[in-house]
Amino acid sequence: MRLYIDSANLEQIAYLNTYFPIDGVTTNPSIIVKEKKPYLELLQEIKGIIGEEKELFVQLIGDTAEEMLEEAEYINRVIAGKVVVKIPVTTEGIKAIKLISVYKIPILATTIYTSMQALTASMAGADYVAPYVNRIDNLTGNGVNVVHEISKLFSAYNCKTKILAASFKNVQQVHDVCLAGAHSVTVSAELIQKFIDFPSTNKDVTVFKKQWQDLYGIDRKSL
Ligand code: E4P
């Protein structure tokens, strides 16, 4: 399982990258504009925090496949280290995936709502697909089932493409896609923290500490 932070907030990224087992950072245009900074500078700063070896996902915004190719080459040139370009699975996006994969630039096919979109993106050459779990649920679909279907299709056809499930509202959804065959997930900073926050754990730690101190005091060096 690989875990990505779905955020462009530098404080959140620095904190999570220090404390949690993070493999990289995913962004999209909505996430970037929230930070109200020049976007290239922001992306370079994120890379500075996570390092060259961890992946940074950047969404392309061109309308045509040719514009997306130009953008992908530019991003790949100006940001040092591992970068993955995100391409929406529109008709033009599928053409862009075919074009860009020839240049060996890593690609994530994004805004995925159905398993057929994922299979098509994989056949076109995407390295990752990002099913939008909570957005599917909001449309009275079942995001976890879509991940399960993608996983079955990828196994049936020996696809090398990895499932990077995205768009979560709660930890249960993340847990369920892990069981449904997702190779990785991208999750907001708030939700990653909730993976481990459990009141009983903190309560137990407080009791252990109190019992220890009652007998031995607080100076561990004198043990
Ligand atoms: C990730 O790459 C997606 O853009 C993101 O997870 C969408 O999440 P949201 O539905 O919470 O906006």
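The paragraphs below go from the overall build of the protein to its strands, its core, the ligand site and two residues outside the buried part.

This is a predicted model, in which local features need pLDDT of at least 70 and side-chain atom pairs count only at pLDDT 80 or more, while totals for chains, interfaces and linings use all residues. Residues are numbered from 1 along each chain as its sequence is written.

The protein has eleven helices and eight strands. Helices (H or I, at least four residues) and strands (E, at least two) are DSSP runs numbered from the N terminus. The C-alpha trace spans about 70 × 40 × 30 Å along its principal axes. Of the 223 residues, 36% count as buried. A residue is buried if 20 or more other C-beta atoms lie within 10 Å of its own, exposed if 12 or fewer, and partly exposed in between, with C-beta atoms placed from the backbone. Two residues are in contact if their C-beta atoms, placed from the backbone, lie within 7 Å. Among contacts between residues at least 6 apart in sequence, 56% join residues at least 24 apart.

Strand E4 (residues 83-88) is a useful place to start. Six of its six residues are buried. Val83, Val85 and Ile87 lie on one side of E4, and Val84, Lys86 and Pro88 on the other. E4 pairs with two strands, where pairing requires that DSSP finds at least two bridges between them. Strand E3 (residues 55-59) runs parallel to E4 and is joined to it by four bridges, with Phe57 as the bridge partner of Val84. E5 also pairs with E4 in the parallel sense over four bridges, and here Val85 stands opposite Ile107. Helices connect these strands. E3, helix H4 (residues 65-78) and E4 make a right-handed β-α-β unit, and E4, H5 and E5 make a right-handed β-α-β unit as well. A crossover is right-handed if, with the strands pointing away from the viewer, the path from the first strand over the helix to the second runs clockwise.

The next element is helix H6 (residues 115-124), in which Ser115, Gln117, Ala118, Ala121, Ser122 and Ala124 are buried. Their cover includes helix H5 (91-101), strand E5 (107-112), strand E6 (128-131) and H8. Gly125 follows H6 and has a positive phi, near 125 degrees.

The largest nonpolar core has 57 residues, and those with the most contacts inside it are Ile97, Ala109, Val129 and Val147. Helix H8 (residues 143-156) gives the largest share of this core, five residues. Such a core is a set of buried Ala, Val, Leu, Ile, Met, Phe, Trp, Tyr and Cys residues joined through C-beta atoms within 7 Å. Leaving out residues up to four places away in sequence, Val129 touches Ala109, Ile112, Ala118, Ala121, Ser122, Ile150, Thr161 and Ile163.

The ligand is surrounded by residues including Asp6, Asn28, Thr110, Ala130, Tyr132, Arg135 and Thr186; a residue is near a molecule if its C-beta atom, placed from the backbone, lies within 6 Å of it.

Two residues belong to helices H10 and H11. Phe195, in helix H10 (residues 189-196), is partly exposed because 13 C-beta neighbours lie inside 10 Å. Lys203, in helix H11 (residues 199-216), is exposed because it has 10 other C-beta atoms within 10 Å. From Lys203 to Ala72 the C-alpha distance is 49 Å, and the two are 131 residues apart in sequence.
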